[in-house]
Amino acid sequence: MHPGPRAAPDDSGPGAIVRALVVAGWARAGLEPPADLLAMGGGRAGTVGGPDPIAHRPPVALASAALAAAHRLGSDYERQLDARSRAAGAHYTPPDVAHGVTRLVIADAPARTSEPTVWDPACGGGAFLLAAAGVLASLGHEPSRIVNDLLWGTDTDPGAVAVAEAALVLWATLSGAPDARPGPHLEVADSLRSGPPLARADFAFVVGNPPFQGQMTGGSVRTRRAREALRERWGDVVGPYTDTSTLFLVAGTSVLAAGGRMGMILPTSVLSARDAQRAREHIDRSADLVGLWVATEPVFAASVAVCAPVLARRSRVVAGSMVTPEPAIAGGPPVERWRRRGFEQLASIHREGRRWSELALAAIDVPSPRFASSGTVGSVAEASSGFRDEYYGLVDSVIDLAEEERPSPSGSAPSEVRPLITSGTIDPGRCLWGERPARFAKRSFLMPVVDVAALARAAAGGGAAARAAAWAEATRGPKVVVATQTKVGEAAVDEEGGWVPSTPTIVLRPVAGGHLPGSDAVEMSWALAAVVCSPIGSVAALAGSFGSGRTSHALKPTAASVLDLPLPVDPDAWAAGARALRERDRDGFAAAMAEAYGLDAGDAADLQGWWTSRAPW
Ligand SMILES: C[S@@+](CC[C@H](N)C(=O)[O-])C[C@H]1O[C@@H](n2cnc3c(N)ncnc32)[C@H](O)[C@@H]1O
């Protein structure tokens with residue numbers, strides 16, 4: 001059978017209204033609407049001539065078709081956005097992901113509210129508003145009320161707002177409420193400056209996927225003026241490198257009614273980034289983290305790992321633009337957890353002092369046991385690491401003692417050589433220099449050493465060699481050398497003090513007056529190494545950098561993050577752990593450090609199982 005001719009779009013009724021809105025949206029964005037979208041509204045795109053399907057399909061059967069059709073408006077609009085909008089973070093959310101997050105926020109709320117208002121502060125083409133429409137409809141709310149009263153959205157892009165409006169009207173029309181309009185509840189505005197439409201500040205729900213705008217490099221870096229304007233509004237949660245999406249999380253929390261819930265898609269770095277720390281602390285003072293979804297697989301074309309914290313507002317006491325906190329419930333409510341695009345449910349957990357990033361570890365099958373701590377490494381040690389110059393400045397002064405025929409840079413036997421210690425030669429509690437080949441400056445060495453006299457001569461010319469020589473001198477003496485890009489914490493102690501640590505290893509040394517087990521610098525260094533190498537140290541390091549790099553499974557310690565590692569509470573068990581590490585007694589080490597951190601037996605067994613499977617002993 002041949003298909004008949006396409007139905008001409010109806011020029012009256014709901015279809016015409018939807019078409020007019022679509023055309024208006026594209027026109028405001030300076031774009032031509034695609035022809036097949038114009039056929040929408042009066043029926044489905046590509047409808048074969050015949051009766052208007054809107055009028056003839058029962059509402060239940062239409063529910064998902066209505067959502068799908070409405071979502072298409074947003075995705076077609078998104079395809080026409082230019083590279084600048086993309087770079088500024090305009091990546092619309094796929095319907096299944098928007099629905100998944102919205103369900104966690106609205107459908108999983110412990111109590112139903114009669115006024116389930118929803119705001120998306122960066123609504124784009126309406127992916128989250130449509131998801132909210134679907135969830136609210138499934139909870140029994142009327143489509144007309146949903147669109148007229150309950151859904152609120154803001155975006156700086158007028159075209160996006162028009163498309164969101166068209167999408168909601170299309171959804172309402174296909175759901176049997178052709179007269180519903182969001183009206184002034186949709187607004188073209190900057191949410192971080194002007195807040196929600198009509199200055200409403202008591203939403204039951206906030207959902208969305210705000211723009212990710214990293215502040216390190218690129219077109220999304222704020223000007224100083226823009227930063228100052230944001231600081232005026234949001235205070236010290238705005239750091240020099242705070243991603244814009246983090247500020248939306250703070251803004252969203254500030255307009256929730258007591259008991260209101262929020263879920264936003266954010267880069268996973270929000271869980272651990274230093275520049276988001278004040279935002280996390282700010283939010284923790286007024287809301288409970290009650291859920292956390294970690295995607296762990298690609299969701300957007302842009303290769304950024306994402307998560308969605310779910311927050312429940314405790315109080316709504318506002319002083320100026322900032323929130324006056326109410327004390328958190330002791331221990332806090334359980335945190336529900338999910339992972340992957342399919343929202344696979346994981347075990348819930350009580351927060352009990354855990355950091356946001358620790359709660360995310362379950363998504364990558366890492367345990368997050370409860371432990372006791374007596375401060376951080378920063379109170380008893382100092383840490384340092386070399387940079388580019390400390391690396392490249394050494395290149396011409398490194399020789400391989402294993403290559404006898406290879407002359408030293410000076411042509412004669414070097415008077416003093418010091419082993420060059422690369423990250424790859426460090427294992428937990430030992431250094432495999434001379435046993436395992438080391439990569440340095442694109443070459444393989446078995447026994448790389450720094451020719452000290454050659455380095456001194458090169459340093460006389462200044463530049464990188466001078467910095468490298470200063471680094472080599474500054475790192476003489478007993479110390480801990482911490483490896484990077486490892487599966488568990490790996491650190492070895494330089495008892496003799498002759499090693500030259502190669503970038504990017506980290507050097508850790510006890511400070512005078514710090515309370516560490518041990519009677520001299522060597523024993524204290526072993527105590528520090530025990531913290532870094534311990535199963536708890538490994539988990540804490542993973543949590544500390546969770547989401548900040550390409551893979552969440554590797555430890556990427558920095559000098560600053562090593563100083564953040566927790567110290568044990570039991571000094572005797574800690575000293576026993578340090579001795580076991582020195583003697584390479586793996587199980588004795590793990591058991592002593594579990595005791596040192598006050599782990600209960602169940603947590604200790606889980607943690608040890610995980611750690612043993614990854615530790616290269
Ligand atoms: C990542 S897109 C997400 C859109 C939509 N929420 C979704 O999930 O599909 C971010 C949106 O934020 C908008 N936007 C950027 N800065 C904004 C601001 N300061 N206030 C409101 N919207 C903003 C962009 O125009 C873009 O539509």
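## Ligand shell

In this predicted model, the shell around the ligand holds 12 nonpolar, 9 polar and 4 charged residues. In total, 25 residues surround the ligand. Tyr-92, Thr-93, Ala-122, Gly-124 and Asn-209 are the closest.

Three elements each supply at least two residues of this shell. They are α7 (127-138), β2 (151-155) and α10 (191-194).

## Overall make-up

The protein has 617 residues, and 51% of them are buried. It contains 23 helices and 24 strands. Among contacts with a separation of 6 or more, 75% link residues 24 or more positions apart.

## The nonpolar core

The largest nonpolar core has 176 residues. Ala-132, Ala-133, Trp-171, Leu-528 and Ala-529 touch the most other members. Helix α9 (residues 158-174) gives the largest share of this core, with 13 residues. Nonpolar side chains tend to be buried together in soluble globular proteins.

Trp-171 shows what such a position touches. Not counting residues up to four places away in sequence, Trp-171 touches Ala-66, Leu-67, Ala-70, Leu-130 and Ala-133. Ala-133 is itself one of the core residues that touch the most other members.

## Helix α22

Helix α22 spans residues 586-596. Its buried residues are Phe-589, Ala-590, Ala-592, Met-593, Ala-594 and Ala-596. They pack against four helices: α18 (521-533), α19 (535-544), α21 (571-582) and α23 (601-614). An α-helix has 3.6 residues a turn, so residues three or four places apart point the same way. Just after α22 comes Gly-598, with a positive phi of about 65°.

## The four-stranded sheet

One open sheet has 4 strands in the order β14-β20-β15-β23. Its pairing is mixed. The edge strands, β14 (398-400) and β23 (500-501), each pair on one side only. Helix α16 (residues 452-459) packs on the sheet and touches β15 and β20 (448-451). The direction of α16 makes about 50° with that of β20.

Strand β15 (residues 417-421) runs parallel to β23, and 2 bridges join them. Ile-421 stands opposite Pro-501 in β23. Val-417 also lies in β15. Is Val-417 buried or exposed? Val-417 counts as buried because it has 22 C-beta neighbours inside 10 Å, and the cut-off for a buried residue is 20 or more. Leaving aside neighbours within four places in sequence, Val-417 contacts Leu-401, Val-449, Val-450, Asp-451 and Val-452. Val-417 and Trp-499 are 82 residues apart in sequence, yet their C-alpha atoms are 9.5 Å apart in space.

## Other strand pairings

Strand β4 (residues 203-208) pairs with β5 (residues 256-264) in the parallel sense over 5 bridges. Here Val-206 has Met-262 of β5 as its bridge partner. β5 is also joined to β8 (residues 306-313), antiparallel, by 3 bridges. Met-262 stands opposite Leu-311 in β8. Met-262 thus has a partner in β4 and another in β8.

Strand β11 (residues 334-339) likewise has two pairings to describe. With β7 (residues 287-294) the sense is parallel, over 4 bridges. Leu-292 has Arg-337 in β11 as its bridge partner. With β12 (residues 344-350) the sense is antiparallel, over 5 bridges. There, Pro-334 is partnered by His-350 in β12. The hairpin of β11 and β12 has 4 residues between the strands. Arg-340, in this hairpin, takes a positive phi near 65°.

## Backbone details in the loops

Two more non-glycine residues take a positive phi. Glu-352 has a phi of about 45°, and lies in the loop between β12 and α14 (356-360). Lys-442 has a phi near 65°, and lies in the loop between β18 (438-440) and β19 (443-445).

Why do Glu-352 and Lys-442 count as exposed? Glu-352 is exposed because 11 other C-beta atoms lie within 10 Å. For Lys-442 the count is 6 other C-beta atoms within 10 Å, so Lys-442 is exposed. The cut-off for an exposed residue is 12 or fewer.

One cis peptide bond runs from Thr-503 to Pro-504, with omega near 15°. Pro-504 is found in the loop between β23 and β24 (506-510). β23 is also an edge strand of the open sheet described above.

Terms used. Residues numbered from 1 in each chain as written. Predicted model: local features only at pLDDT ≥ 70, side-chain atom pairs only at ≥ 80, totals over all residues. Near = placed C-beta within 6 Å. Nonpolar A, V, L, I, M, F, W, Y, C, P; charged D, E, K, R; others polar. Pairing = 2+ DSSP bridges. Contact = placed C-beta atoms within 7 Å. Axes fitted to C-alpha atoms, helices over the stretch in contact; angles between N-to-C directions. Core = buried A, V, L, I, M, F, W, Y, C linked by C-beta atoms within 7 Å.
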